[in-house]
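This report walks through the strands, the core and the aromatic contacts of one model. Please keep the sequence and the structure at hand while reading.

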Amino acid sequence: QVHLVESGGGLVQAGGSLRLSCASSGRTSSYYVMAWFRQAPGKEREFVGSINRLGSSTYYADSVKGRFAISRDNAKTTLYLQMNSLLSEDTAVYYCATLREYPRGAPQYWGHGTQVTVSS
């Protein structure tokens, strides 16, 4: 079992940047493939990107490729999502999750989410 807590969400202007964090506790976080998902109002939850156990490889959805970057610090058991050049369509609740395999395995554990609002 692993417990995930997201932080860093907030209100930002279009074109701005924001960094989200996901702190994990419980079973050693480096055991897990980690990912970010998001859910906009009235839409289904969608995959944003993932990172392998060592942090040596990342995979992104086309909608965020080149703008978002995922990293992890296994010593701090923390996952990050650096979001640059934000667009109004990036407004959503962002969730971190563990995946059963890299890069698009089934989600296993979820955080409770953090709201990101991009104003145009």
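## Strand pairing around β8

Two strands are taken to pair if DSSP finds at least two bridges between them. The model discussed here is predicted, and in it β3 and β8 pair in the antiparallel sense over 6 bridges, with Cys22 standing opposite Leu79 of β8. Strand β8, residues 78-83, is also joined to β7 by 6 bridges, and these two strands likewise run antiparallel. Within the pairing of β7 and β8, Phe68 has Met83 as its bridge partner, while Asp73 stands opposite Thr78.

The hairpin formed by β7 and β8 has 4 residues between the strands, and Thr77 takes a positive phi near 50° there. Strand β7, which covers residues 68-73, shows two faces: Phe68, Ile70 and Arg72 make up the covered one, whereas Ala69, Ser71 and Asp73 make up the uncovered one. As for β8, 5 of its 6 residues are buried, so this strand is largely enclosed by the rest of the structure.

## The nonpolar core

In soluble globular proteins, nonpolar side chains tend to be buried together. The largest nonpolar core of this model has 33 residues, and the members that touch the most other members are Leu20, Trp36, Phe68, Leu79, Leu81, Met83 and Tyr94. At least two residues of this core are supplied by each of β1, β3, β4, β5, β7, β8, β9 and β11.

Leu79 can serve as an entry point for inspecting the core. Leaving aside neighbours within four places in sequence, Leu79 is in contact with a set of residues that includes Leu20, Cys22, Met34, Trp36, Ile51, Ile70 and Cys96. Two of these contacts can be set beside the strand description, for Cys22 is the residue opposite Leu79, and Ile70 belongs to the covered face of β7.

## Aromatic pairs and charges over rings

A pair of aromatic rings is described by the distance of the centres and the angle of the planes. The structure holds 5 aromatic pairs. In one of them, the rings of Phe47 and Tyr59 have their centres 6.0 Å apart and their planes at 45°, so the pair is tilted. Because Phe47 lies in strand β5 and Tyr59 in strand β6, this pair ties together parts that are 12 residues apart in sequence. Phe47 is buried, with a relative accessible area of 7%, whereas Tyr59 counts as partly exposed at 34% relative accessibility.

The rings of Tyr95 and Trp110 have centres 6.3 Å apart and planes at 90°, so this pair is edge-to-face. Since Tyr95 lies in strand β9 and Trp110 in strand β10, the pair ties together parts that are 15 residues apart in sequence. Tyr95 is buried at 12% relative accessibility, while Trp110 is partly exposed, with a relative accessible area of 34%. Ring pairs link Phe37, Phe47, Tyr59, Tyr95 and Trp110 into a cluster. Charged side chains also meet rings of this cluster: the charged end of Arg45 sits over the ring of Trp110, 4.4 Å from its centre, and Arg104 lies over the face of Phe47, at 3.9 Å from the ring centre.

## The loop between β6 and β7

Val64 has its place in the loop between β6 and β7, and this residue is buried, with a relative accessible area of 1%. Not counting residues up to four places away in sequence, Val64 touches Arg38 and Val48. The C-alpha atoms of Val64 and Gly49 are 8.3 Å apart in space, although these residues are 15 residues apart in sequence.

Arg67 is found in the loop between β6 and β7 and counts as buried at 14% relative accessibility. Its side chain reaches the backbone oxygen of Ser85 at 3.0 Å. Beyond residues up to four places away in sequence, Arg67 touches Gln82, Met83, Asn84, Ser85, Leu86, Leu87 and Asp90.

## A position in β1

His3 has its place in strand β1, which spans residues 2-7, and is partly exposed, with a relative accessible area of 43%. Not counting residues up to four places away in sequence, His3 touches Ala23, Ser24 and Ser25. The C-alpha atoms of His3 and Cys22 are separated by 9.8 Å, the two residues being 19 residues apart along the chain.

Methods. Residues are numbered from 1 along each chain as its sequence is written. This is a predicted model: local features need pLDDT of at least 70, side-chain atom pairs count only at pLDDT 80 or more; totals for chains, interfaces and linings use all residues. Side-chain values use heavy atoms; hydrogens and water are left out. Buried means under 20% relative accessible area, exposed over 50%, partly exposed in between (1.4 Å probe, protein chains only). Contact means heavy atoms within 4.5 Å. Rings of Phe, Tyr and Trp (its six-membered ring) pair if their centres lie within 6.5 Å; planes under 30 degrees apart count as stacked, over 60 as edge-to-face and the rest as tilted. A charge sits over a ring if NZ of Lys or CZ of Arg is within 6 Å of the ring centre and within 35 degrees of the ring normal. A polar contact is a pair of N or O atoms within 3.5 Å; within protein, one must be able to donate a hydrogen and the other to accept it, and residues adjacent in sequence count only if both atoms are side-chain atoms. A nonpolar core is a set of buried Ala, Val, Leu, Ile, Met, Phe, Trp, Tyr and Cys residues joined through side-chain atoms within 4.5 Å.
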